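Q: Please take a close look at one part of this chain, the helix that carries the number eleven in the secondary structure, and set it in the context of the whole model.

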Amino acid sequence: MNKPVILQMGAYPEWDEVPLNEQYDVRRYFEAGDKAAFLANCGPLVRGIATRGELGASRQIIEACPNLEVISVYGVGFDAVDLAACRERGIRVTNTPDVLTGDVADLGVAMALAVARGIVGAEAWVRDGSWTEKGNYPLQRRIWGKKAGILGLGRIGYEIAQRLRGFGMDIAYSDVAAKDYAADLTFIADPVELARHSEFLFVALAASEATRHIVSDAVIEALGPEGVLINVSRASNIDEEALISALKDGRLGAAALDVFVGEPAIDPRFRALPNVLLQPHQASGTIETRKAMGELVRGNLAAHFAGQPLLTPVN
Ligand code: 8YV
């Protein structure tokens, strides 16, 4: 029996590529020179798409695959998948939640610590001889006992809160409604008020049209010149132009970013800013977690083609 044809949108680690190619007839979109011609040729054969959180599947891609049945996302964020186009055609979408929650929360907290304690600069201070030549490293800022705000108290946001409890922080959060599982945390509905409350503001909410630029200039101003903004969600949740401007003129103290508009080709102005920590969208980037994500991608595809319930459906 012919293997189902799968359109692969981006590269996976070897440990995923091998079983995927054993189980399916994989067409590697990301390697195609002429992508339009490639799609015209194989699109009608495609029954499934294996993609990545940041790559998703656009309406154009979906419409080029008239026999598409399922889209399996390697990542928890499915904002880059055109869900409206999927709804119109009854195309199922799956993602990889839970398995990556801890890692993303870990990196968010690590980024906050790195910025507050100047860890990147301190490493350079030792390595480049400044410690010998210039003396002690400049004093940094405490994180324990400070005020934290979490924008989006879903799985990842809640795990960030769990970690911050260990630092004795005063934790508040904003979400569409107060969460019954967070009764001991302060609920502040308005993101501007949350930022005003916070010294460290973590952006952890799922990205959608409704959350675009939710971290507005007003939120950034409210966080202020002593504030630190940490983003482990999607760049679209932040008004990046306003962020760069505020970082440049000191209206925002610092930022720690794992996601960027146009990544990996980030806005070059970030590179000139001394008060921003740059990370290459690696929040879920551990061997253990990426193996679990890959297994879920394949598990969902296998369930679909076996006519079984999907493991982690989005729709
Ligand atoms: C992944 C992510 O790094 O989960 C997501 O939505 O953005 C990240 O965890 C990405 O999807 C892998 O390409």
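A: The answer below starts with the whole chain, turns to the helix, and ends with some other sites.

This is a predicted model, in which local features need pLDDT of at least 70 and side-chain atom pairs count only at pLDDT 80 or more, while totals for chains, interfaces and linings use all residues. Residues are numbered from 1 along each chain as its sequence is written, and side-chain values use heavy atoms, with hydrogens and water left out.

The chain contains 12 helices and 12 strands; these are DSSP runs numbered from the N terminus, with helices being H or I of at least four residues and strands being E of at least two. Its radius of gyration is 21 Å, close to the 20 Å that the globule rule gives for 315 residues, so the chain is as compact as a globular protein of that length. That radius is taken over C-alpha atoms, and the rule is 2.2 Å times the number of residues to the power 0.38. Along the principal axes, the C-alpha atoms fill a box of roughly 70 × 50 × 30 Å. Of the 315 residues, 50% count as buried, where buried means under 20% relative accessible area, exposed over 50%, and partly exposed in between (1.4 Å probe, protein chains only). Among contacts (heavy atoms within 4.5 Å) with a separation of 6 or more, 57% are between residues 24 or more positions apart.

Helix α11 covers residues 240–248, and its buried residues are Glu240, Ala242, Leu243, Ile244, Ala246 and Leu247. The cover over these buried residues includes α10 (217–223), along with the strands β10 (228–231), β11 (254–257) and β12 (276–278). At the N-terminal end, Asp239 acts as the cap of α11, with a side-chain oxygen 3.2 Å from the backbone nitrogen of Glu241. After α11 comes Gly250, which has a positive phi near 80 degrees.

Two of the strands that cover α11, β11 and β12, are joined by a loop that holds Pro264. The peptide bond between Glu263 and Pro264 is cis, with omega about 5 degrees. Beyond β12, the loop to α12 (287–305) contains His281. The phi of His281 is positive, near 45 degrees, in a residue other than glycine. With a relative accessible area of 24%, His281 is partly exposed.

Another non-glycine residue with positive phi is Asp98, at a value near 65 degrees; Asp98 sits in the loop between β5 and α5 (101–116). Strand β5 spans residues 92–94 and includes Thr94. Thr94 counts as buried, at 0% relative accessibility. Its side chain makes a polar contact with that of Ser72 at 3.2 Å; such a contact is a pair of N or O atoms within 3.5 Å, where within protein one must be able to donate a hydrogen and the other to accept it, and residues adjacent in sequence count only if both atoms are side-chain atoms. Outside its neighbours within four places in sequence, Thr94 is in contact with residues including Ile71, Val73, Asn300 and Leu310.

Pro66 lies in the loop between α3 (59–63) and β4 (70–74). At 49% relative accessibility, Pro66 counts as partly exposed. Not counting residues up to four places away in sequence, Pro66 touches Gly43, Pro44 and Arg89.
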